[in-house]
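Here are my notes for your first look at this protein. Keep the sequence and the 3D view open as you read.

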Amino acid sequence: MHTCLSSLSLQNKVVDVDNLKVKLQIWDTAGQERFRSVTHAYYRDAQALLLLYDITSKPSFDNIRAWLTEIHEYAQKDVVIMLLGNKADMAAERVVKTEDGERLAKEYGVPFMETSAKTGVNVELAFLAIAKELKHRATQQPNEPKFQIHDYIESQKQKTGCCGM
Ligand SMILES: Nc1nc2c(ncn2[C@@H]2O[C@H](COP(=O)(O)OP(=O)(O)OP(=O)(O)O)[C@@H](O)[C@H]2O)c(=O)[nH]1
């Protein structure tokens, strides 16, 4: 991996939202600076953006601000953004506190949770929350209350931090 365009990979994921199948087309841009001109073209039209950092890497966390600024400039105005602190299972190597992720997310008004691609903690939830938000937008009736993605995530997320989940 990690050479040229192989860093821009595509996957489909189907999520079941209240008996409706929502197909998510997921582009993984790997966040590399040299691909910015290429990645613009992809996230410009994206309906949702998942920003991942690695809780064992301070530089990966510090990069997030640049991405948030970038997104503000180039992405759709109503794009669904979510901040994810990945590798939550690696408690012993943690260098980014859960509170730091929470603070940054609050500053930018985006939902936040810690995930682990290894144990699966909060991974399905991240995709489900996005699928629910997009489904609500697509099918919303005028009098129906808006889907509250922040509240949904807060009520469903598994806490990480101390227990190496
Ligand atoms: N323990 C643990 N390892 C993980 C987790 N997520 C990814 N990894 C490992 O971290 C390494 C990098 O994973 P990638 O998916 O290539 O990460 P990436 O950020 O896309 O890497 P780049 O393409 O270099 O930007 C691999 O060895 C993964 O197995 C996680 O949640 N927990």
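How many aromatic pairs does the structure hold? The structure holds three aromatic pairs. Bear in mind that this is a predicted model.

1. **An edge-to-face pair.** Start with Y53 and F61. They form an aromatic pair that is edge-to-face. Their centres are 4.8 Å apart, and there is an angle of 70° between the planes. The label follows from the angle, because over 60 degrees counts as edge-to-face. Y53 is buried, with a relative accessible area of 2%. F61 is buried too, with a relative accessible area of 12%.

2. **A stacked pair.** Now turn to F112. The ring centres of Y53 and F112 lie 6.4 Å apart, and their planes are at 5°, so this pair is stacked. Y53 sits in strand β3 and F112 in strand β5. The two residues are 59 residues apart, so the pair links distant parts of the chain. Both Y53 and F112 are buried.

3. **One cluster.** Put these rings together on your screen. Y53, F61 and F112 form one aromatic cluster.

4. **The order of elements.** Next, step back to the whole protein. Its secondary structure comes to five helices and five strands. From the N terminus on, the elements run β-β-α-β-α-β-α-β-α-α.

5. **Strand β4, covered on both faces.** Is strand β4 enclosed or open to the outside? Seven of the seven residues of β4 (residues 80-86) are buried, so the strand is largely enclosed by the rest of the structure. Look at each face in turn. On one side, V80, M82, L84 and N86 are buried. On the other, I81, L83 and G85 are buried.

6. **The link from β3 to β4.** Strand β3 (residues 48-54) pairs with β4 in the parallel sense, over seven bridges. Find D54 and look across: it stands opposite N86 in β4. Helix α2 (residues 58-74) joins the picture here. β3, α2 and β4 make a right-handed β-α-β unit.

7. **The link from β4 to β5.** Strand β5 (residues 112-114) runs parallel to β4, and three bridges join them. L84 stands opposite M113 in β5. Helix α3 (residues 98-108) belongs to this part: β4, α3 and β5 make a right-handed β-α-β unit.

8. **Helix α4.** This helix (residues 123-139) has 17 residues. From its first C-alpha to its last it reaches 25 Å, close to the 24 Å expected at 1.5 Å a residue. Many names appear on its buried list, including L125, F127, I130 and L134. Charged letters appear there as well, among them K132 and E133. What covers the buried residues of α4? The cover includes β1 (9-17), β2 (20-28), β3, β4, β5 and α5 (149-156).

9. **A helix reminder.** Residues three or four places apart in an α-helix point the same way, because the helix has 3.6 residues a turn. Try tracing this on α4 in the viewer.

10. **Whole-protein totals.** Buried residues make up 41% of the 165 residues in the protein. Take contacts between residues at least 6 apart in sequence: 69% of these join residues at least 24 apart. The accessible surface comes to about 9,800 Å². Carbon and sulfur atoms account for 52% of that surface.

Terms used:
Residues are numbered from 1 along each chain as its sequence is written. This is a predicted model: local features need pLDDT of at least 70, side-chain atom pairs count only at pLDDT 80 or more; totals for chains, interfaces and linings use all residues. Side-chain values use heavy atoms; hydrogens and water are left out. Buried means under 20% relative accessible area, exposed over 50%, partly exposed in between (1.4 Å probe, protein chains only). Helices (H or I, at least four residues) and strands (E, at least two) are DSSP runs, numbered from the N terminus. Two strands pair if DSSP finds at least two bridges between them. A crossover is right-handed if, with the strands pointing away from the viewer, the path from the first strand over the helix to the second runs clockwise. Rings of Phe, Tyr and Trp (its six-membered ring) pair if their centres lie within 6.5 Å; planes under 30 degrees apart count as stacked, over 60 as edge-to-face and the rest as tilted. Contact means heavy atoms within 4.5 Å. Accessible areas come from the Shrake-Rupley method with a 1.4 Å probe; for residues, only the protein chains shown count as cover. The expected span of a helix is 1.5 Å times one less than its number of residues.
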